[in-house]
Amino acid sequence: MLSSSSTSTSVPLAVLLSGTGRSLTNLLDVIRRGELDAHVRLVVASRPCRGEEIAREHGIATVIEGGDIPSGRLEGLLRNAGVTPERGWVVLAGYLRRLPIPEAYRGRIVNIHPALLPDFGGKGMHGLRVHEAVIAAGRRESGCTVHLCDEEYDRGAILLQRRCEVKNGDTPDTLAARVFALECEAYPEALRRLIAQDHQRA
Ligand code: GRF
């Protein structure tokens with residue numbers, strides 16, 4: 001069994017997902033390469049999915065919670081896994097449910113969206129729909145946004161954006177691939193910055 005390495009100083013993460021687990025896989029790769037001083041302690045999936053299988057294959061504690069998770073239940077899962085609001089971060093990685101945020105974790109939950117928010121976000125805007133909308137609007141630029149979560153889909157303070165060109169002849173799939181390549185750098189970078197800020201405050 002593979003296992004993400006952890007040291008006593010590495011930061012505990014919980015990853016919430018609903019789909020393929022691409023962003024989880026990227027985070028695990030980045031951590032394995034020593035480029036992010038963190039470890040994934042818990043994966044919460046909103047349904048049985050490939051992402052949850054990947055988590056189990058890596059020996060990560062994994063829970064499937066269908067429906068909207070009551071905030072108290074989520075807080076219990078996070079604290080039991082050692083993902084505390086003081087040191088831990090909660091990382092949404094293709095999580096398709098609305099998230100009632102436990103009060104103690106306000107400001108400790110991040111999301112990545114495959115467009116330049118505040119445009120092309122909100123309920124139902126996920127996956128290829130986002131890229132279809134960007135192309136249909138005739139935008140010449142797209143990208144990804146890492147932001148803090150509040151109770152609304154794709155809202156909350158923007159932490160980091162990465163931009164790319166929308167090329168002539170792009171399809172939703174070709175644009176999605178270009179944006180996902182940006183995401184693979186943007187999410188770890190945003191987490192590195194957040195973790196560095198925590199260290200400065202400590
Ligand atoms: C991420 O790439 C991000 O754009 C969005 O969900 C994607 C991962 O979900 N938040 P999935 O692995 O494709 O289901």
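A nitrogen atom of the ligand lies 2.7 Å from a polar backbone atom of Ile112, a polar contact, meaning a pair of N or O atoms within 3.5 Å. This is a predicted model, where local features need pLDDT of at least 70 and side-chain atom pairs count only at pLDDT 80 or more, while totals for chains, interfaces and linings use all residues. Residues are numbered from 1 along each chain as its sequence is written, and side-chain values use heavy atoms, with hydrogens and water left out.

Now look at the oxygen atoms of the ligand. One is 2.4 Å from an N or O atom in the side chain of Thr20, and an oxygen atom is also 3.1 Å from an N or O atom in the Arg22 side chain. The protein covers 82% of the 360 Å² of accessible area that the ligand has on its own (Shrake-Rupley method, 1.4 Å probe).

Who else is there? The residues around the ligand (a heavy atom within 4 Å) include Gly19, Gly21, Ser23, Phe180 and Glu183.

Let us step back to the space itself. The ligand takes up the largest pocket: on a 1 Å grid over the protein atoms alone, a pocket is an open set of points where a 1.4 Å probe fits, with protein on both sides within 12 Å along at least five of seven lines. Its volume, the space filled by probe spheres set on the points, is about 810 Å³. Of the 39 residues that line this pocket (an atom within 4 Å of a point), the closest to its centre are Gly94, Tyr95, Leu96, His126 and Gly127.

Technical notes. Polar contact = N/O pair within 3.5 Å; in protein donor to acceptor, adjacent residues only side chain to side chain. Sits in = over half its atoms within 2 Å of the grid points.
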